[in-house]
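Student: I'm new to this one, so please pick a single part and show me closely how it sits among its surroundings. Keep it friendly, and explain the terms as you go.

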Amino acid sequence: MKNILLLGDSIRIGYDKSVQKALEGKANVFFPEDNCRFAAYLFRHLVDYRKLLPEGETADVVHWNAGLWDCLHLLDEDVQTPIEIYEYYIERICVRIRTLFPQAKVIFATSTSVVPEQMDAGFARRNEEIEAYNAAAVAIVTCYGFAVNDLYAMSAALPMETRTGPTHFYTEAGTAAFTDAVLAHLLPAIGLDLALADRGETVIHTDDTEGF
């Protein structure tokens, strides 16, 4: 079976187990237990995440995201990662993915929308900045031939009842929507028909998510 590696922040944590369950018997799905956080953190730990795969095997598909931590405002200060530094690390991630998984099909997922009015100045994200960071990342990843899964557009269209707070979608309906959106990209990437995706019962993330 094909090997799929899912990487990313707490948005990825919200759908990884459901994607794994949906592809049981069709593909091997691997993901870290930790939150991949901001782009520099993901870049540093890519070599460690490769070890999630069985020895001697590689990833056939890598689906990843980074950005929500980068454009976070803590304590009413500037963003965690200025956009030019974010671009620097996104490009380095692209290069490192190609180094570690030279034959893999790679899918970059855009960072998802938030509800700014539910945040305070001490911990805030702004959709206009998320959109700018997404555009910057997409411009880079497409130069490396990576596909794009626009989770931002998908998330922005979801009703409020799919959300669990200003950032996450850890409801049954939210988890199902994200699982389906990811499967829609993964299945063609491994040569399987979308009709083979039987998501079944969604696996809802219920644990506290560090930093989110």
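Tutor: Here is a walk along helix 4, followed by some of the parts around it.

This is a predicted model, with residues numbered from 1 along each chain as its sequence is written, and local features need pLDDT of at least 70, while side-chain atom pairs count only at pLDDT 80 or more. Totals for chains, interfaces and linings use all residues, and side-chain values rest on heavy atoms, with hydrogens and water left out.

Helix 4 covers residues 127-141. (Helices, H or I with at least four residues, and strands, E with at least two, are DSSP runs numbered from the N terminus.) How does its length work out? The expected span is 1.5 Å times one less than the number of residues, so the 15 residues of helix 4 should span 21 Å, and its end C-alpha atoms are indeed 21 Å apart.

Now, which residues of helix 4 are buried? They are Asn127, Glu129, Ile130, Tyr133, Asn134, Ala136, Ala137, Ile140 and Val141. Buried means under 20% relative accessible area, exposed means over 50%, and partly exposed is in between, using a 1.4 Å probe and protein chains only. It helps to remember that an α-helix has 3.6 residues a turn, so residues three or four places apart point the same way.

What covers those buried residues? The list includes strand 3 (61-64), strand 4 (73-74), helix 3, strand 5 (105-109), strand 7 (147-149) and helix 5 (151-156).

Start with helix 3, residues 83-100. Tyr86 in helix 3 and Tyr133 in helix 4 are 47 residues apart, so their pairing links distant parts of the chain. Aromatic rings of Phe, Tyr and Trp (its six-membered ring) pair if their centres lie within 6.5 Å; planes under 30 degrees apart count as stacked, over 60 as edge-to-face, and the rest as tilted. Here the centres are 5.0 Å apart and the planes are at 45 degrees, so this pair is tilted. Both Tyr86 and Tyr133 are buried. Theirs is a pair in a structure that holds eight aromatic pairs.

Ile90 makes another link to helix 4. Leaving out residues up to four places away in sequence, Ile90 touches Ala39, Trp64, Ala66, Ala137, Ile140 and Val141, where touching, or contact, means heavy atoms within 4.5 Å. Ala137, Ile140 and Val141 are also on the buried list of helix 4.

Ile90 has a wider role too: along with Trp64, Ile90 has the most contacts inside the largest nonpolar core, which has 63 residues. Such a core is a set of buried Ala, Val, Leu, Ile, Met, Phe, Trp, Tyr and Cys residues joined through side-chain atoms within 4.5 Å. The biggest contribution to this core comes from helix 6 (residues 172-189), with eight residues. In soluble globular proteins, nonpolar side chains tend to be buried together.

Finally, look at helix 5, where you'll find Tyr152. With a relative accessibility of 13%, Tyr152 counts as buried. Apart from residues up to four places away, Tyr152 touches Thr110, Ser111, Thr112, Ser113, Asn127, Ile130, Glu131 and Asn134. Among these, Asn127, Ile130 and Asn134 are buried residues of helix 4. Tyr152 and Val182 are 30 residues apart in sequence, with their C-alpha atoms 12 Å apart in space.
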